[in-house]
Amino acid sequence: MQGLSLNGDSHMAAEAAHNSQRARKRHRARHHKSRLGCFSCKSRRVKCDEVRPVCGSCSSRGEPCVFPDPPAATLKPISSSRERPDSPRSRSGGSPRPVRSYLEPWETYTSRPAGVSAPVIDDLDMDNLLAMQFFHLHTAQEMSLHPKRSMIWRRVIPSLASKHRYLMHLLIALGGLHMITHRLTQRPGEDYDSDTVDLRVVMGHYQRGLQDFRKEVAQISNLNAEAVYAGSLLLVAFVYASLQVPELNPACPTADPVSVLYAPTLNKQTLPPINQPQTSWLHLIRGVSSVIQDQWPALKASCMRSMVLHFHGDEYWKDLPFDSSLSKLNRCSLFVQLFAQGALQAVADLRAFHATLRITSSTELYLTSVSAPNTSKVAMDGLSRGIDVLENIYSRVISVFQCTVSERGFPDDSDIQYNLEEAAVLGWPSLVPDVFLGLLGSDELMGLTRGLSLAILAHFYVINSLVDRWFLGAFKEEILRIQKSISSLHDAGLDRLLIWPVRIATS
C-alpha cells in the first residue's frame with residue numbers, strides 16, 4: 001500500500017509539473033512577436049522588450065542597442081526611462097520619435113514618383129514651395145517629348161538637386177520663371193493655377209545657383225560632370241525663358257508685358273527695336289556643348305546619357321533625297337508649312353544680298369571710320385559663314401520633315417516636334433562660328449552690314465520659333481523687334497529679307 005501511495009504521489013507531482021509547463025507554454029504563446037525589436041535581440045532570436053534607447057537584454061549584457069526605423073504608421077512615443085515588459089507603458093513624460101528629415105511641401109512621399117528625392121532648401125516660404133510645385137507638375141513635364149529625356153527632367157535632375165544645393169536653387173529659379181512667363185501668356189479658360197511668384201525671389205535663387213555652379217565648372221571632372229551638365233541644362237532653359245520677361249530682357253525696356261499671342265493683327269509698333277542683340281545666351285549654350293565634349297566618356301555612361309545622344313552630325317542629313325513638294329504636311333500648323341515652302345528660298349535671298357554687299361566699294365557706308373582696314377573683309381567672311389550654318393540647319397529641318405512624312409504619311413505637329421527634338425536643331429548656337437557672334441556684339445558694325453547680320457539672326461530665330469516649347473516663346477517677338485530695327489535703315493532689299501521670318505512669327 002505504501003508503495004502504491006508513493007507511486008501515486010509521484011504520478012500526481014509529475015502531472016502537476018506537466019500542467020504547469022503547458023500553462024507556461026500557453027502563456028508564452030500569447031505573446032506577440034517583436035517586430036520592432038533591436039538588431040541584437042533579433043540576431044540572437046530572443047524576445048526584445050523594445051525599451052528605448054537601450055532594451056533590457058542589451059542593458060544586462062552591456063551591448064550596444066540599435067533599433068530599426070519603424071514605419072510611419074507605427075511611430076510610438078519614446079519614454080525617457082526604461083520600462084519593464086510587465087509594467088504599463090507610460091503615456092506621458094515621453095517625447096515623440098523624430099519624423100523624417102525631409103519635408104513634403106507639394107505631395108506626400110508615397111505619391112512622389114520613384115527615384116525623386118525630396119528637396120532641401122534654406123527658406124520654406126510660399127514662393128519657394130509654389131516654384132518647386134510648378135516645376136514638378138508642369139515645367140519638368142513640358143521640357144521634352146522624348147520619354148527618356150522627359151524622365152531625366154522629372155526624376156534624375158530633381159534627384160541630383162537633392163544632393164547639390166546649387167542645382168536646387170536653379171531648379172526653383174526655373175520653376176518660378178515658368179510660373180511668371182505662363183502668367184504673362186495665359187489665355188482665358190486655361191486650367192493652370194493663377195498663382196505666381198516674386199521675380200526677386202526667382203532671381204535670388206538664380207544668382208545663388210549660378211555662383212556655386214561657376215565654382216563647380218572651374219573644377220569639373222568625371223566626378224561632378226553629371227551634376228554640372230544638369231546645371232547647364234537648367235541655366236540654358238532659364239536664359240531662354242528670361243527673354244520673355246520684360247524686366248530681364250534689355251531689348252525690351254518697357255515694364256509692361258508685351259503681347260505674346262502672335263495673332264496676325266499683332267501691333268508691331270508696341271515692340272521696341274533691337275539695337276544690340278543679346279549674345280550671352282548664345283555663349284552659354286556653346287558652353288554646354290563644351291561640357292559635353294570635355295566629359296563625354298563620363299556623361300555617356302551616366303544617368304544623363306539620353307540627353308547627349310542625338311543625331312548631331314550634319315553628315316547624317318546630307319545623304320537624304322530632297323522632295324521639294326512636301327505636300328503631305330497639310331495636317332501640320334501653318335508655320336510648319338510656311339517653313340517647308342520658303343526656307344531654301346530665304347537662304348538664297350540672304351546669299352544674294354550678301355553678294356551685292358561684298359562687291360560694293362563704299363565700305364565706309366557700312367563700317368565706322370575707326371575700323372581697321374581688314375574689318376570689312378572679316379565682316380563679309382563672318383556673314384558668309386553664318387549663312388552657311390543657317391543653310392545646313394534649314395536643310396536638316398527639311399530633312400526632318402521628309403523623314404516624318406516617310407514614317408507617318410500625313411504627319412501632324414506632334415510627329416514633327418518629336419523628330420525636331422531628335423535632330424537637335426536647337427543646337428545651332430554651338431555651330432555658329434565665333435566670327436559671326438563677334439559681329440553681333442560689335443559696336444563697329446553699322447549700316448547695311450549690321451542690318452544683314454540682324455537679318456541672319458532673325459532667320460536663326462525662326463528655328464527656335466519652329467520648336468514648340470514654353471521656354472522658347474520669346475523668339476517670335478525677337479524676330480519682330482529685329483524687323484523694326486531693320487526697317488529704320490530704309491533699305492528695300494533688307495526689308496524683303498524679313499518678310500518671310502515675320503510671316504513665320506505672326507502665323
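**From a buried serine to the nonpolar cores**

In this predicted model, Ser57 is found in helix α3, which spans residues 56–61. Ser57 counts as buried because its relative accessibility is 15%, and the cut-off for that term is anything under 20%. When residues up to four places away in sequence are set aside, Ser57 touches Cys41 and Arg44.

Turning to the nonpolar interior, the largest core holds 123 residues, and the members that touch the most others within this core are Trp153, Tyr229, Trp281, Met304, Phe339 and Phe401. Helix α8, covering residues 225–242, supplies the largest share of this core, with 14 residues. The core also takes at least three residues from domain 1 (126–185 + 195–250 + 276–307) and at least three from domain 2 (334–506). As background, nonpolar side chains in soluble globular proteins tend to be buried together.

Tyr229 can be followed in more detail: with its neighbours within four places in sequence left aside, Tyr229 is in contact with Val288, Val291, Ile292, Leu299, Met304, Met307 and Val308. Apart from the largest core lies another core, of 7 residues, which includes Cys38, Cys41, Cys58 and Cys65; Cys41 is also one of the residues that Ser57 touches.

Further along the chain, helix α15 (residues 413–422) is mostly covered, since 7 of its 10 residues are buried. These buried residues are Asp415, Ile416, Gln417, Asn419, Leu420, Glu421 and Glu422. Just after α15, Ala424 adopts a positive phi of about 55°.

Key: Residues numbered from 1 in each chain as written. Predicted model: local features only at pLDDT ≥ 70, side-chain atom pairs only at ≥ 80, totals over all residues. Heavy atoms only, no water. Helix = DSSP H or I, 4+ residues; strand = E, 2+ residues; numbered from the N terminus. Buried < 20%, exposed > 50% of the residue type's maximum accessible area, 1.4 Å probe, protein only. Contact = heavy atoms within 4.5 Å. Core = buried A, V, L, I, M, F, W, Y, C linked by side-chain atoms within 4.5 Å. Domains from an automatic or database assignment.
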